[in-house]
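Q: I have a sequence and a model of it open on the screen. Can we go through how to read the features one by one?

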Amino acid sequence: MEYTTTDAAGTQAVGAALAPLLQAGDVILLDGDLGAGKTTFTKGVAAGLGIHRNVKSPTFNLIKEYHQGRLPLYHMDVYRLEGVGGADLGLQEYFNGSGVSLVEWSQFVAEDLPQDFLMIRLQKDDDDFDRRKIIFTPHGDRYATLVDQLAQQLHTN
């Protein structure tokens, strides 16, 4: 599924629309260039989960945990793990835990990822700085159903 937004608020709104559909143990991978909107999307998911803290990219912390919402949110930015992987981070505990894991730059921990996940690619538009194409690619039945539910929700709003 593909969805286009015209500004940061729209990107956050898509994340917020996804949030009510999420369950404990869901793993969402966020892919895209620097400035593509990965953290902006995560802010929307956090708001949709009822997390009202300021969400920032965890680039230097690697993982930020937010426990104030309907489900805990584990926001990971593993960009700094290029070439070393995430074997020592205990990612499986997060992925199998009671919250939702959002992983930016997941290609750097590919060997640590579960078999089933939802890949979300955010692409900047060369002609319109604020426009984003958001591409959802489900891996596994759970995520195929999730994308179908999200598509219905986005098309009815």
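The turns below take up confidence, burial, strand pairing and salt bridges.

Q: What is the mean pLDDT of the chain, and where does pLDDT stay under 50?
A: This is a predicted model, and pLDDT gives the predictor's confidence in each residue. The mean for the chain is 88, with 89% of the residues at 70 or more. Among the elements, strand β7 (residues 132-139) has the highest mean, 97, and helix α3 (residues 91-95) the lowest, 87. Over residues 82-86 the value stays under 50, and the model has 10 contacts beyond four places in sequence for that stretch.

Q: Is threonine 11 buried or exposed?
A: A residue counts as buried when its relative accessible area is under 20%. Threonine 11 has 3%, so it is buried. This residue belongs to helix α1, which spans residues 8-18.

Q: Which residues is threonine 11 in contact with, leaving aside neighbours within four places in sequence?
A: They are Thr5, Gly37, Thr40, Phe41, Leu122, Arg132 and Ile134. With threonine 5 there is a polar contact of 2.9 Å between the side chains. Threonine 40 is 29 residues away in sequence, yet the two C-alpha atoms are 6.7 Å apart.

Q: Which residues of α1 are buried, and where do they fall around the axis?
A: The buried set is Gly10, Thr11, Val14, Gly15, Ala17 and Leu18. Viewed down the axis of α1, these residues fall within an arc of 160°, so they line one face of the helix.

Q: How many residues of β2 are buried, and which strands does β2 pair with?
A: Strand pairing is read from bridges, with at least two needed between the strands. In β2 (27-31), four of the five residues are buried. Four bridges join β2 to strand β5 (residues 100-104), and the two run parallel. Strand β6 (residues 117-124) is also parallel to β2, again through four bridges. Isoleucine 28 shows both pairings: leucine 102 stands opposite in β5, and leucine 118 is the bridge partner in β6. Further along β2, leucine 30 stands opposite isoleucine 120 of β6.

Q: In which sense do β6 and β7 pair, parallel or antiparallel?
A: The pairing is antiparallel, over eight bridges. One of the paired positions is leucine 122, whose partner in β7 is isoleucine 134. Leucine 122 and isoleucine 134 are both among the contacts of threonine 11.

Q: How many salt bridges does a search of the whole structure find?
A: A salt bridge needs a side-chain nitrogen of Lys or Arg within 4 Å of a carboxyl oxygen of Asp or Glu. The search finds five. One of them joins glutamate 2 and lysine 133, at 3.9 Å from N to O. This pair links distant parts of the chain, with glutamate 2 in strand β1 (residues 2-5), lysine 133 in strand β7, and their positions 131 residues apart. Elsewhere, Asp125, Asp128 and Arg131 are linked in a network of salt bridges; within it, the closest N and O atoms of arginine 131 and aspartate 125 are 3.8 Å apart.

Q: What does aspartate 26 form a salt bridge with?
A: The partner is arginine 142, with the closest N and O atoms 2.6 Å apart. Aspartate 26 sits in the loop between α1 and β2 and arginine 142 in helix α4 (residues 141-156), so the pair ties together parts that are 116 residues apart in sequence. Aspartate 26 is buried, at 3% relative accessible area, whereas arginine 142 is partly exposed, at 23%. A polar atom of the aspartate 26 side chain also lies 2.7 Å from the backbone nitrogen of glutamine 23.

Note on methods. Residues numbered from 1 in each chain as written. Predicted model: local features only at pLDDT ≥ 70, side-chain atom pairs only at ≥ 80, totals over all residues. Heavy atoms only, no water. Buried < 20%, exposed > 50% of the residue type's maximum accessible area, 1.4 Å probe, protein only. Contact = heavy atoms within 4.5 Å. Polar contact = N/O pair within 3.5 Å; in protein donor to acceptor, adjacent residues only side chain to side chain. Arc of directions from axis to C-beta. pLDDT = per-residue confidence, 0-100.
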